[in-house]
Amino acid sequence: MKKKLFIKTYGCQMNVYDSERMIDVMAMEGYEETDSPENADLVVLNTCHIREKAAEKVYSDIGRIRKIKDTKKKNGEEMVLAVGGCVAQAEGAEIMKRAPVVDMVFGPQTYHNLPKMVEKSISLKAKGEKSRILDTDLSVDEKFDQLSKKAVKKKPTAFLTIQEGCDKFCTYCVVPYTRGSEFSRKVDDVMKDAIKLAEAGVVEVTLLGQNVNAYHGTSADGEEWGLPELITKLAKIDGFERIRYTTSHPHDMTDDLINVHGTVKECMPYLHLPVQAGSDKVLKAMNRSHNTATYKKTIADLRKICPDLALSGDFIVGFPGETDEDFEQTMELVREVTYAQAYSFKFSSRPGTPAADMDSQVAEDVKSQRLTKLQALLKTQQMDFNKSVVGKTLSVLIENTGKTPGTAFGRSPYMQAVQVSIGDADFDQLKGKIVDVLIKEGGPFNIQGVLA
Ligand code: 5AD
Ligand code: SF4
């Protein structure tokens, strides 16, 4: 019987991508994915450290898995419990101490070693020894070399990591510490992976990186390529009809990259470009290296090149020192710029980051009030955007079956989730195709339409 792997992913798309690669490497060792930890021989928690809530969730999940592990043990079955990802990187030793049930702790740059670590853990257990493994090495190079070997599953959309880590050191953020410094994969390596994805039927590829628009990979002839060159080349691959990239920093939104939104038709009219705050004083304290004027200029340039660009962003409220007036400037920026969708968070103090030690931390109830206000505004804007496409025909990439019979799920060019009535059409014929959909309704979270 095949061994079973249960993997839970927390946090960002980078983690989703990493989890998929872990499933790939363990499949080569004969492991099959399961959706319940009760059946699993190996449980991996791929964790996120970005905010306190996400990190604490891991410990409560470890408690839940411990019970399952104990029950299995009583039945004579072993389970290996592994904690990977950014909490593992940041608090590896603490996890080991706080949760003795955890067998392995490994950081985001080491999961290509997962098979070896699991094997070691199992053999230590078999010998009746306590198996505790900790690997939080931060060198990225080897990881990507090891991971490109696996064939890919047939599916219409895929992530492709082209860059990892960050050198920007925003004062609130753990990423430079958990993911390490900025690293760009070589152009040829990216192209090889991309061709494999296209051959597996991928129509829409999302290029990933913590700072994806800071990409600067080396080409075969030793030249340095930026994201604009890479997107232009990827767009020429047969089969790729849509290209997205995330997450970007306003600082690296160069004119060349902005132009790609006008010249490369595969580059989708959607951009996630976090601004974080609307007060220049707060942005400075965040060490964001952009201000509201440069950000607004970038947005104006983008909209000149790509008038229908749907904009997304991230916001933090209650950063240390943020006054009511600073917060009002964030609200004003949102009103002025307008977003198709956005993510917003209360500032969460992360140990080891400069903002954690800043004076004038904002009270929790003030943060909550500000977040409620901001989210209400963002929700109205998302609703307005979704309503603005009613009556239009949008091209929708069909990804999956819908919630009810006779419907399918897909995404518009603007990243909207679309519920499509397909009538008697055969879903299998539609899957992976880009079809015209007449939009009939727009709601707060999705839009609905019929095949045009
Ligand atoms: N507190 C709150 N939000 C944070 N983010 C990053 N660090 C923190 C923090 N300490 C948010 C930022 C970032 C997104 C991924 O998470 O908005 O863009
Ligand atoms: Fe974190 Fe700032 Fe780097 Fe984004 S740019 S990953 S927020 S340090």
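# Notebook: loops, sheet and ligand shell

I started with Ser289. At 47% relative accessibility, I count Ser289 as partly exposed. The cut-offs put buried under 20% and exposed over 50%, so a residue at 47% falls in between. I note that this is a predicted model.

I looked up where Ser289 sits. Ser289 is in the loop between helix 10 and helix 11 (292-305). Its phi is near 60°, which is positive in a residue other than glycine.

**A second positive phi**

Next I checked Gln276. Phi of Gln276 is near 80°, again a positive value in a non-glycine residue. I find Gln276 in the loop between strand 14 (270-272) and helix 10 (280-285). Is Gln276 buried or exposed? Its relative accessibility is 7%, so I enter Gln276 as buried; the limit for that label is under 20%.

**A cis peptide bond**

I went through the peptide bonds for this entry. The bond from Thr246 to Thr247 is cis, with omega near 0°. Thr247 belongs to the loop between strand 13 and helix 9 (255-263). Strand 13 covers residues 242-246.

**The sheet**

I then traced strand pairing. Strands 7, 10 and 13 form an open sheet of three strands, in the order 7-10-13, and the pairing is parallel. Which strands stand at the edges? Strand 7 and strand 13 do, each with a single partner strand, so one side of each lacks a neighbour in the sheet. From one strand to the next, I get an average twist of 25°.

I took the pairs one at a time. Strand 7 (residues 157-161) is joined to strand 10 by five bridges, and the two run parallel. In this pair, Thr157 stands opposite Glu204 of strand 10. Strand 10 and strand 13 are also joined by five bridges and run parallel. Here Glu204 faces Arg242 of strand 13. Further along, Leu207 stands opposite Tyr245 of strand 13.

**How enclosed is strand 10?**

I looked at burial along strand 10. Five of the five residues of strand 10 (residues 204-208) are buried, so the rest of the structure largely encloses this strand. I split them by face. Glu204, Thr206 and Leu208 lie on one side. Val205 and Leu207 lie on the other. Both faces are covered, with these residues all buried. Glu204 therefore goes down as buried, along with the other four residues of strand 10.

**Helices on the sheet**

I asked what packs on these strands. Helix 1 (residues 13-27) lies across strand 7, strand 10 and strand 13. I read an angle of about 100° between helix 1 and strand 7. Helix 7 (residues 187-199) also packs on the sheet, touching strand 7 and strand 10. The direction of helix 7 makes about 170° with that of strand 7.

**Ligand 2**

I listed the residues around ligand 2. They include three cysteines, Cys166, Cys170 and Cys173. Lys168, Phe169, Tyr172, Val175 and Pro176 are also in the shell. Asn211, His249 and Arg288 complete my list. How many residues of each class does the shell have? I count seven nonpolar, two polar and two charged residues.

**Domains**

Last, I looked up the domain assignment. It gives domain 1 (3-137), domain 2 (152-268), domain 3 (301-388) and domain 4 (393-451). I noted one spacing. The C-alpha centres of domain 1 and domain 4 are 36 Å apart.

Conventions. Residues are numbered from 1 along each chain as its sequence is written. Chains are lettered from A and ligands numbered from 1 in the order in which they are written. This is a predicted model: local features need pLDDT of at least 70, side-chain atom pairs count only at pLDDT 80 or more; totals for chains, interfaces and linings use all residues. Side-chain values use heavy atoms; hydrogens and water are left out. Buried means under 20% relative accessible area, exposed over 50%, partly exposed in between (1.4 Å probe, protein chains only). Two strands pair if DSSP finds at least two bridges between them. Domain bounds come from an automatic or database domain assignment. A residue is near a molecule or strand if one of its heavy atoms lies within 4 Å of it. Ala, Val, Leu, Ile, Met, Phe, Trp, Tyr, Cys and Pro count as nonpolar, Asp, Glu, Lys and Arg as charged, and the others, Gly among them, as polar. Axes are lines fitted to C-alpha atoms, for helices over the stretch in contact, and angles run from 0 to 180 degrees between N-to-C directions. Contact means heavy atoms within 4.5 Å.
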